[in-house]
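Visitor: I would like to learn how strand pairing and ring contacts are read from a model. Could we go through them one at a time?

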Amino acid sequence: FVWTGGNASRQKGGFLNYEATLNFDAKVWEDIHFFHELQTIRLGDENTKFVRTGEVYVMLKDVFKTLFDAEGRKVGAKIGRMDIPFGEDYLTQDVIDNPLITLAAAYPYGWDEGLVFYSQNEKLNWIAAVMDGTDTRGSDDTNDKFLSLKLYGNATERLYLSGSIMRSGRTSESAWEFGGSHIVPVGSGGLNSALGRSGSGSVNAYSYELDAQYNLGTDRYLKGQFGYAFLDDDNSEFDRNIYYFRIEPKWNWGPRFSNKWYWAGRLSAVGTFNDDKGYAFDGKPFAGGKTAFGYDTEALYRYALGLGFMPNPRTLIKMEYSRDDFRLIRSSNKDGGSEGRDLIGIITTVKF
């Protein structure tokens, strides 16, 4: 059940199915697997996409062993449609893996068709990807491709670090997005823009992200994130510098409460942070920023505090209060409740 007050997507409150996903992992032969993610319900798409696929790929867990009978290289590969391996948000996008109900304000993620190589070692791991780059499934609108590289690992017993860089590839609508807002030229999609329309048919983006997690004990941590994206338009007037950050603590209440209760918080933001240059930020899944403000948003701030109860390891009940604040550029004539979009919700999740 989620209520968002008078300005966001659940103004009168209501019951909803947030997500229902079936994951099939079939061992084809020794080091070869087939994975199929089938989404029967996805919040926001219930009325238009009744059943859709998420990830669908073939995985070679040891490429050199499988193809060349060479041991010890420890390089794996995925071929098909996959989560874009950039940053950390894609690892917790499923509702059971997210300690809160809402997501971070930026929530950079996406799916795309392509080829991913990876290697896992004791300390430093890497993932490299080349993908179509466009949101359209199974085809591409330009010859330009998405490229990314991610390095991650445990610097110490308690400290986890991750760094990612990527180039989206020139496209009319990128596969990679900021929480429901794909990378597109300013003014695309029929949304309002106080600064006019770019007129470009495509745009490219360059981005990096740094993530850290410091573990304070069992199910207790502090996460930090900082990211930057440069949107390169053919018309330089509509280039955009986008910054985002997140601070997220989680604290299990410990043996006194049978290790079943925790609290979690999240302070996050995304934007140009420029009074004269805005962009479209939707604030998925409930804020509805694109429809309300078009490309006039300077920044979106999200403040969230939640409580979780785990009666068993496969069941999680989450409660949350959060607030979205949209800051608009000075030339915008919009308001429409940009500040103080509140949310109160409770969700039950299970996995099996």
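Visitor: In which sense do β7 and β8 pair, and over how many bridges?

Guide: In a regular strand the side chains alternate between the two faces of the sheet. In this predicted model, β7 and β8 (residues 124–131) pair in the antiparallel sense over six bridges, and a hairpin of four residues joins β7 to β8. Strand β7 (residues 111–119) also runs antiparallel to β5 (residues 75–83), to which nine bridges join it. G114 illustrates both pairings, being the bridge partner of G80 and standing opposite M131 in β8.

Visitor: Which strands stand at the edges of the sheet with the order β6-β11-β12?

Guide: That open sheet has three strands with antiparallel pairing; β6 (108–109) and β12 (181–182) stand at its edges, each with a single partner strand, so one side of each is left without a neighbour in the sheet. Two bridges join β6 to β11 (residues 177–178), and P108 has F178 as its bridge partner in β11.

Visitor: How many aromatic pairs does the structure hold?

Guide: The structure holds 21 aromatic pairs, among them the stacked pair of W253 and W261, with 6.0 Å centre to centre and 20° between the planes. Y279 and Y295, by contrast, form an edge-to-face pair, with 5.6 Å centre to centre and 75° between the planes.

Visitor: Are Y279 and Y295 buried or exposed?

Guide: Y279 is buried, with a relative accessible area of 1%, and Y295 is buried at 3%, the cut-off for buried being under 20%. Both belong to a cluster linked by ring pairs, which also includes F86, W176, F178, Y244 and F281.

Note on methods:
Residues are numbered from 1 along each chain as its sequence is written. This is a predicted model: local features need pLDDT of at least 70, side-chain atom pairs count only at pLDDT 80 or more; totals for chains, interfaces and linings use all residues. Side-chain values use heavy atoms; hydrogens and water are left out. Two strands pair if DSSP finds at least two bridges between them. Rings of Phe, Tyr and Trp (its six-membered ring) pair if their centres lie within 6.5 Å; planes under 30 degrees apart count as stacked, over 60 as edge-to-face and the rest as tilted. Buried means under 20% relative accessible area, exposed over 50%, partly exposed in between (1.4 Å probe, protein chains only).
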